[in-house]
Amino acid sequence: MPNLTYVFYQFQETAATFQNTKEKPYKSLSIKGQTYQNILPEPTTPVLTNNAEMFSVDEGLDETIEIVDGVAKSAILKGQTLVNCINLKTKWFSSETNLKTDSPTDVELSQYQRASLDVSMLKSNQKYYVLPIVDYTMTNGVNSDVFLQLNTMISNSLNALFRIRFNTLAKPTIITTGELTDLSKSYIFIAGKSCELNIRDIKIMLIEYQDGMENWDIPYFEGMQSVKMPVLTTTGKNLFDGGDFYTDIIGNSATGNCELLINGLKIKKNTEYVISFKYETDTDRPSSYYCILTKTKQTFDNHNMLYSYVQNNPNDSINKTTLSFDSGDFEYLYLSPTSIASTVDGYMSYSNIQVEKGSTSTTYEPYKSNILTVNEPVELRGIGDVKDELNLTTGELTERICEVVLDGTNIELYNTTSDFNNDNFYSVYCYPSNRQSIINIISDKFKKANSKTEFLSIPSIYIFDKNKGQIVISFEKNKLSENSINGVKEFLQQNPLTIQYQLATPTIKTVDLSVVDQDNTVTDLHFFKDGHIIQSSGADTSLIPTLDYQAKTSNSYVMDLMKSNTIYTMKSSTHNGGYIYIDGKDYTMGLNRQFTSPSSMTNKLLVVDGVIDNFMILEGDLTSKTIPYFKGIKSAFEGEDRIEVLSTGKNLTKGVLSNVTDRVTFELFELINGKTYTHTLTNYNTDGARIDLVSTTGDSYIIRNWGETKSTFTVPDDGVTYNKISFWKSGLLYDENTMTFQLEEGSIATSYEPYKSNTLTVNEEVELRGVGDVQDELNLLTGELTQRIGEVVLNGSEKSWGASGLSNQNETIIFQMNTGIDTHIPHPEPHILPISPEMRSNNDTSADLEGILKCQGTDGHGFYVRINRNRLETEDVLGFKTWLSKNPLTVRYQLETESIKTVDLTIQDQDGNEIPKPKSYYEVTHFSINSLIPPIVEVEVQTFNQEDLETLSDTIDEIENQQDKLMTTSEEQEDGVQSVMLGLTEIFEESEEV
């Protein structure tokens, strides 16, 4: 029988131990790449949306999610355009309007007290938002018994379009118009029970309804309004942006401007707040102050307190330093300290002033804020669901809506054909977008007509040819001086018409933004724990934009890369036994636990309820793999400047690292957590001395305390890397030449052997990747590098992107690129699934799910991406390439043709001498490799392993017996023997090397 002396090992760890080895060169040594992806992103909230003027940063968020101070993950302002469809032709002047009657029934003002209206823009059977703003005083009456009413012709009868009680004027009302038949007969009036009413002004907003509009903060405006010059302020929990307050007291008076303690602080309506502070005085005066709430910010006036709280009776000897209140309908807060009667001079001071949301005060936090401003003219418009967007983290402005004002001089007008005119209406057409395609349109005075018939029945605008950007406008002939282009121009000069329209192709540019903190220091936009967001504008009557944002959290993750009903492994270094919730489904925390994701990923949100450190989620069952913590996607040796393979003998001590009076420290071969080791130290008396392991970060772990004598220890299984050992002993320095130290694996001490090692180094950067069962491979004996995995960044610059032959779905569209055209990208292997850190891989090409798909087609040369429609500006190749330019995809994939090259290797022994080959050592060989991500190691080691030899001999004898029975060919014999030899601990047939 041949002399079999080599054992084949295959493992995927950074360290291993080979037993019963000889001191001989390795017969073979290679490493194969591996790529893992931690799909856990940075912790953030899901996208939160709010268009209020002021709101809490966590408004609408699950209470288990904790926002922490941090730079905004995302923040996008979306525009809005609204049209007030009502125009009061007659103003209500400041004159007394009396509703006096002896009867308790409703009465109506006389005809001349009515105000006529222009409501020609109202649509039939349409929902509207109504908000009347009435400046009035009432005596001898009850405001709930008085109504504001608008009448018009509905279904050919004069009926109330709305009827709103005076006690609800400040709240919006939602109405539906019904079938409007004659809008010219419309007027507004007051009705109600007997009272004396003085009306100074009436303003009304009547706006086409959008979902949730009753909760919007809409300032009063006339005509058409958009978002202009937005300003975004974020604060911490403490809303008070002033400092401490101090004033001298002389006799019964406090000097100084007490009104400036809190001067017009913005607060939210109908919200509980609490004020707290630290109060000091050198007299017996208790704290006393006024808390004043107002509806508009104003110069403070003690005689103009719309609403106030008085804290402390002057005779109260207790100093109260908190006050809680509900803001009700008020939006601004003033706080004014007052002086209590006393004959003693002194002082009083207020410090640590805090105004926070809630009814109970919490620990004081200094004021912190960010203020973001736009440093150039910006207007954000919106028509329906199509809105301009301003990215507050990049400054990118995407304009989807354009505006033009037709004033009779700036846009060329053209006569229409006769079929666009009739007895009542005269029409012209124009190209407001310079013949660029337009999709939708609104104006401040004319309704948009949806058909030619409707267009010829009302003053309106109508898109006639959207591809050419051609719109037609109809005018009432009785409003024109003449039915001609000149007549229209003259009309427009007196009545300019503002038009907004949706562009078929959005325009994108970058605008100048600035962010400063509470100290006026330039910074990135932050959101704060328990904080607030305030939206305002640098322009009067601007609308409030919609803010879509994501804030940093401590415990929630948006799992865009997680697939439904798929096996994953969670890994962590420590945890407290809590739970992880994915889309509402709970999973127990684990250090190394397999689980299956929910069958439906509705909200893609993972929430941690507890404490877990170095948390990773990796696809597949990887519980048998030791994988250190990393973020994103990581391959073997990625980002490392070299590959280093170390082989040592049984003695794991590299030598004396330091020798001082009280202790001696030795440098070690890196120890394995959870392993048991034994140490032997001669010519240095350590009986009863303390011994420490020292980690790579300098932390110590006591393995033997003072007074103990044990020489065996187990390395703690805590994930910490230990590479030094220190022996403590008071006394003189010891001679390193006579002192010997041996640290060996196991619990039995053996004879001393000097430290032996050899280190193989790859002297250039090499990354070894793996996708599925295909890996890059490096032969560490020859330096031959075989690359089977490629990487490309797809950024929209590729020439060959086009529509795919695969089916588009309701939510997604597929695009493909061809590496036969984009020849700078090596061909991918057909029908193999790539991976990307930015987008999940999707094995089902027909599923309506976003992802990177397998390469398809007859040649498979290219990549296929299925993208959500709502991510694209336009649902075509240009729209996809635009998205890709902003969201590049890094793709790792199997190459159709592998590439081979040779890299430079050096091998040195423990003394720095070069040797020809890496080798094993007598009896025991410790093997380690320096990659964060363990590669697959394949090595053949010469061995004394007689037990393995006998096992293999029996197996070969059995194969030979079977061969004799079946009369198999010699070729089949060889195949049978080889199949045995391919196991993880298989032994190869070789003559012993000398």
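**Entry 1: burial and the ring pairs**

I count a residue as buried under 20% relative accessible area, exposed over 50%, and partly exposed in between. With that settled, I opened the predicted model and looked up Tyr701. Its relative accessible area is 34%, so I noted Tyr701 as partly exposed.

I then searched the whole structure for aromatic pairs and got 32 of them. The one I pulled up to begin with was Phe666 with Phe741, which is stacked, at 4.4 Å centre to centre and 20° between the planes. This pair links distant parts of the chain: Phe666 belongs to strand 60 (residues 663–668) and Phe741 to strand 66, 75 residues apart. Are these two rings buried or exposed? Phe666 has a relative accessible area of 3%, so I wrote it down as buried. Phe741 comes out at 4%, and is therefore buried too.

Back to Tyr701, whose ring pairs with that of Tyr722. I found this pair tilted, with 6.2 Å between the centres and 55° between the planes. Here too distant parts of the chain are linked, since Tyr701 sits in strand 63 (residues 700–704) and Tyr722 in strand 65 (residues 722–728), 21 residues apart. Tyr722 is buried at 4% relative accessibility, while Tyr701 is partly exposed.

I also came across a cluster in which ring pairs link Tyr9, Phe11, Phe18, Tyr26 and Phe927.

**Entry 2: two open sheets**

Next I traced the sheet that holds strand 66. Three strands make up this open sheet, in the order 64-61-66, and they pair antiparallel. At the edges I found strand 64 (712–714) and strand 66 (740–745), each pairing on one side only. Neighbouring strands are turned by 25° against each other on average, direction ignored. Strand 61 (residues 676–682) is joined to strand 64 by three bridges, and I saw Thr678 standing opposite Thr712.

The other sheet I followed is open as well, with five strands in the order 6-46-21-31-44 and antiparallel pairing. Which strands stand at its edges? They are strand 6 (54–56) and strand 44 (513–517); each has a single partner strand, so one side of each is left without a neighbour in the sheet. The twist averages 15° from one strand to the next. Inside the order, strand 21 (residues 230–235) pairs with strand 31 over five bridges, and Leu232 stands opposite Leu372 there.

**Entry 3: nonpolar cores**

I asked how many residues the largest nonpolar core has. The count is 41, and the residues with the most contacts inside it are Ile218, Leu392, Leu547 and Tyr549. Among the elements giving two or more residues to this core are strand 14 (127–139), strand 31 (369–374) and strand 47 (546–550). I clicked on Ile218 and, leaving out residues up to four places away in sequence, found that it touches Leu82, Tyr129, Met205, Ile207, Met213 and Leu543. Apart from this core lies another of 35 residues, including Tyr128, Ile175, Ile202 and Met224.

**Entry 4: helix 3**

Last stop, helix 3 (residues 877–886), where I listed Gly879, Phe880, Trp883 and Leu884 as the buried residues. They cover an arc of only 135° around the axis, which means that they lie on the same side of helix 3. What do they pack against? I noted strand 71 (784–794), strand 73 (812–818), strand 75 (862–868) and strand 76 (889–902).

Definitions and conventions
Residues numbered from 1 in each chain as written. Predicted model: local features only at pLDDT ≥ 70, side-chain atom pairs only at ≥ 80, totals over all residues. Heavy atoms only, no water. Pairing = 2+ DSSP bridges. Helix = DSSP H or I, 4+ residues; strand = E, 2+ residues; numbered from the N terminus. Axes fitted to C-alpha atoms, helices over the stretch in contact; angles between N-to-C directions. Buried < 20%, exposed > 50% of the residue type's maximum accessible area, 1.4 Å probe, protein only. Arc of directions from axis to C-beta. Contact = heavy atoms within 4.5 Å. Core = buried A, V, L, I, M, F, W, Y, C linked by side-chain atoms within 4.5 Å. Phe/Tyr/Trp six-rings, centres within 6.5 Å; stacked < 30°, edge-to-face > 60°.
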